[in-house]
Amino acid sequence: MILVIGATGKVGGQVVRQLRESGARFRALARDPASAHLPGGTEIVRGDLSDPPSLHTALEGVEDVFLVWPFLSSEGAPAVLEVIGGHARRVVYLSSTGVDETADQQADPINRFHADLERLIRNSGLRWTFVRGGGFASNDLQWAEQIRSGDVVHAPFAAGARAVVHEADLAAVAVHTLTTGGHDGKKYEVTGTEVLNTAERVRIIGKVLERPLRLEEVPAEAVRQEMLGAGWPADVVDGILDAHAESGTGGREEPVSPADRITGSPARTYHQWVADHAGDFR
Ligand SMILES: NC(=O)c1ccc[n+]([C@@H]2O[C@H](COP(=O)([O-])OP(=O)(O)OC[C@H]3O[C@@H](n4cnc5c(N)ncnc54)[C@H](OP(=O)(O)O)[C@@H]3O)[C@@H](O)[C@H]2O)c1
């Protein structure tokens, strides 16, 4: 029995769908099962990572856990891992390619909590596999409202380039790991199929939607103020914007490591991701 934590989210939702297709036995965790919108017939159990004892019911009889950590710090993770360790034998953790194992403490808070989680999981006594995601293609849904209302996308860092990854490919690696053997202690870096800069991704969205979309670069400071206004912590905002500023510039192009290296099935392109999400942009 597999427990999917983060089952209502972008990657976890795909993990649920692909586990169903595989015929594996699993159940999904949700804070509010009534509003979970998962495929009919999915067993959904209530639980909240910020209340570790609430996880016991969902973990009954569970051997393997797919874990998404939805917080911006690792506070609370030791207690959660203790509860998981009392039931399960293995964790497949959705981590990030931003983890730097050589750093004592990473400056960017998001990379820092992923590095903390990986260390806590390694020391937990559980068997583990890390699925380290590159930048998610789904981050580009932040442009959906602009695209629905006009042909111009205002975004910073036109030249910022990453091999952004389809959530279904991250899920495919997780499901492959959960349902086949030989993945203990592996750290799978999973990116998209090719490095594309911001302007190129906007062009691809336009091509799929058959509309003349174009990018208008805006200063990073304007975006910074917008994110701070929306309540994001300053160190998280700076970490995200610094990573964007550095990506694809100064010879820092990230290595491309698509899901097919691990799953053996064709990896999804950015074009495919846009086609799968065309409804969000229309
Ligand atoms: N965006 C990127 O470029 C990127 C890159 C690498 C790694 N990552 C990592 O990927 C993870 C996010 O994955 P995602 O985008 O698939 O997530 P998401 O779509 O944001 O969904 C978050 C999930 O976490 C669940 N959740 C939130 N608070 C919870 C709580 N207190 N207890 C139990 N469940 C809770 C939500 O469930 P309910 O609200 O239904 O309870 C939902 O299923 C993060 O750890 C992020 O750092 C992101």
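# A walk from strand β5 outwards

Start by selecting L67 and Y93: within β5, Y93 is the bridge partner of L67. Keep in mind as you look around that this is a predicted model.

Now show the two strands in full. Strand β4 covers residues 64–67 and is joined to β5 by 4 bridges, with the two strands running parallel. To follow the chain between them, colour helix α3, residues 77–85: the path leaves β4, passes through this helix and arrives at β5, making a right-handed β-α-β crossover.

Stay with Y93 and look across to the next strand. Opposite Y93 stands F130, which belongs to β6. Select residues 127–133 to see β6 as a whole; β6 pairs with β5 in the parallel sense, over 7 bridges. Another helix is worth adding here: α4, residues 109–122, forms a right-handed β-α-β unit together with β5 and β6.

Is β5 enclosed or open to the outside? Of its 7 residues, 6 are buried, so the rest of the structure largely encloses this strand.

Next, turn to the nonpolar interior. The largest nonpolar core holds 69 residues, and V4, F66, L67, Y93, V131 and A174 are those with the most contacts inside it. You have already met L67 and Y93 as bridge partners. Colour helix α6, residues 167–179, as well: this helix supplies the largest share of the core, 8 residues.

Pick F66 from that group and display what surrounds it. Beyond its neighbours within four places in sequence, F66 is in contact with I2, V4, I5, G12, V15, V92, A174 and L178.

Then move to the ligand. Which residues come nearest to it? Among the 22 residues around the ligand, the nearest are T8, G9, V11, R31 and P70. Two elements, α1 (10–22) and β5 (90–96), each give two or more residues to this shell. The largest share, 3 residues, is from α1. If you colour the shell by residue type, you will find 10 nonpolar, 9 polar and 3 charged residues.

For a last stop, select A234, in helix α9, which spans residues 234–246. A234 counts as exposed because it has 11 C-beta neighbours inside 10 Å, and the cut-off for exposed is 12 or fewer. Finally, add A36 and draw a distance line between the two C-alpha atoms: A234 and A36 are 198 residues apart along the chain, and their C-alpha atoms are separated by 31 Å.

Key. Residues numbered from 1 in each chain as written. Predicted model: local features only at pLDDT ≥ 70, side-chain atom pairs only at ≥ 80, totals over all residues. Buried ≥ 20, exposed ≤ 12 C-beta atoms within 10 Å, placed from the backbone. Near = placed C-beta within 6 Å. Nonpolar A, V, L, I, M, F, W, Y, C, P; charged D, E, K, R; others polar. Core = buried A, V, L, I, M, F, W, Y, C linked by C-beta atoms within 7 Å. Contact = placed C-beta atoms within 7 Å. Pairing = 2+ DSSP bridges. Right-handed = clockwise from strand over helix to strand, strands pointing away.
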